[in-house]
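Here is a short report for the bench. Please look over the sequence and the fold before reading on.

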2 protein chains.
Amino acid sequence: MARAALSSKAVVGLALEIVDESGPAALTLAAVAARAGVAPPSLYKHVRNLAELRVLVSGQVMEEFAEHGNAAVLGRSGDDALRALMRAWRAYVVRNPHRYAAILQSPEPATAAIAERLVDILLAALRAYDLEGSQAIHAARCMRAAAHGFAVLETGGAFQLPEDLDESYELLIDMVIAGLRREPPRS
Amino acid sequence: MARAALSSKAVVGLALEIVDESGPAALTLAAVAARAGVAPPSLYKHVRNLAELRVLVSGQVMEEFAEHGNAAVLGRSGDDALRALMRAWRAYVVRNPHRYAAILQSPEPATAAIAERLVDILLAALRAYDLEGSQAIHAARCMRAAAHGFAVLETGGAFQLPEDLDESYELLIDMVIAGLRREPPRS
DNA sequence: CTTGAAAGCTAATGTCATTAGCCAGCGATG
DNA sequence: CATCGCTGGCTAATGACATTAGCTTTCAAG
């Protein structure tokens, strides 16, 4: 291998810097190249194209995010774990809003494994609620919807009123927990 | 006024067609111009630039969406209204996924009025729950987060497992309602 | 009939992504 | 030690787009 100047890894790192500073929309190959001190076409030696770079960035962030969530639930269970996970979720988003926004929704096979891990963490946090198979999936989806929805709206600046956001979020957590409790194992 | 061929209104209409067919990412001035049978620069006679077109499209969609939600709660109240509103929310999203995705988050002053209307509808649906001022705001945020989060994840293809999405969503609705019931008017 | 603004057009510029094809450095091989 | 081939970087070129400048045509009002 010749001059090991750049690398796929390094490119993703630079991309993350750009995302952090200016948001996912500012992530262009031209910007990465400039930061790497290299001509734009050179990047194609390390990354297939912009779309792939986005996927790599998304995967990296998702992984970091999952790790953060996982750390939050360690040694906890039941309501405690659920609260911790949801708080960690928002804490991550508030601290790294651009990074979080860089997570791609579309089910890229490349990131499937990481997404799976995230789901596992969610399901583990729900374990104490005695949900039978399918019900646990539904519950996990709800929790995810709640946390993600709040995150998106908050970082998007959709909550304009002066009311305290922490308080709103705690209410949301309470809602999820209350909903899990009264869970009727129907059909 | 000379040849009344195009108009700001018409341009937004064409833009909506493109969004519906190919998603918000496909909304370019070039595409709109092609559809209008006109050279791209001509559009600047009707719209300041692409950014403004996006805002206009977003506003139009938000308005339609709010109207849809409003219709759903008419003549209903309490849990009934809440359920109807949340179901209408998702129904709209499922029917017009691209349109919904075209709604901009950032608080554009131009669309502030419509956003306000949406909040009003939400608050009205919550009226039966006897929430004091601030608590109603928090509750409305939670409901919005839940519905929006589910919508985003569903349209983004984030729910991969085979479990029925309707069932997941009904559980989410139950969660919100349960959460509103046990609402402790603390602090 | 004249005229002026509205609405369209062409030409030009700048930013990106992406492809093609060239060149240099370096490590392994003989 | 000389060379070969890979690797990573470069320049040039193409093609979307957005956007601006400046020209032209058309129509309606006087």
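What follows covers chain A as a whole, then one residue of chain B.

This is a predicted model, in which local features need pLDDT of at least 70, side-chain atom pairs count only at pLDDT 80 or more, and totals for chains, interfaces and linings use all residues. Residues are numbered from 1 along each chain as its sequence is written, chains are lettered from A and ligands numbered from 1 in the order in which they are written, and side-chain values use heavy atoms, with hydrogens and water left out.

**Chain A**

Chain A has eight helices and zero strands. Helices (H or I, at least four residues) and strands (E, at least two) are DSSP runs, numbered from the N terminus. Along the sequence the pattern reads α-α-α-α-α-α-α-α.

| Property of chain A | Value |
|---|---|
| C-alpha box along the principal axes | roughly 60 × 40 × 30 Å |
| Buried share of the 187 residues | 48% |
| Exposed area | about 8800 Å² |
| Part of that area from carbon and sulfur atoms | 54% |

Buried means under 20% relative accessible area, with a 1.4 Å probe and protein chains only. Areas come from the Shrake-Rupley method with a 1.4 Å probe; for residues, only the protein chains shown count as cover.

Contact means heavy atoms within 4.5 Å. Take the contacts in chain A between residues at least 6 apart in sequence: 70% of them join residues at least 24 apart.

**B:Arg90**

B:Arg90 sits in helix α4 (residues 78–95) of chain B. Is B:Arg90 buried or exposed? It is buried, because its relative accessible area is 11%. Not counting residues up to four places away in sequence, B:Arg90 touches B:Phe150, B:Glu154, B:Leu165, B:Asp166 and B:Tyr169.

Methods. Buried means under 20% relative accessible area, exposed over 50%, partly exposed in between (1.4 Å probe, protein chains only).
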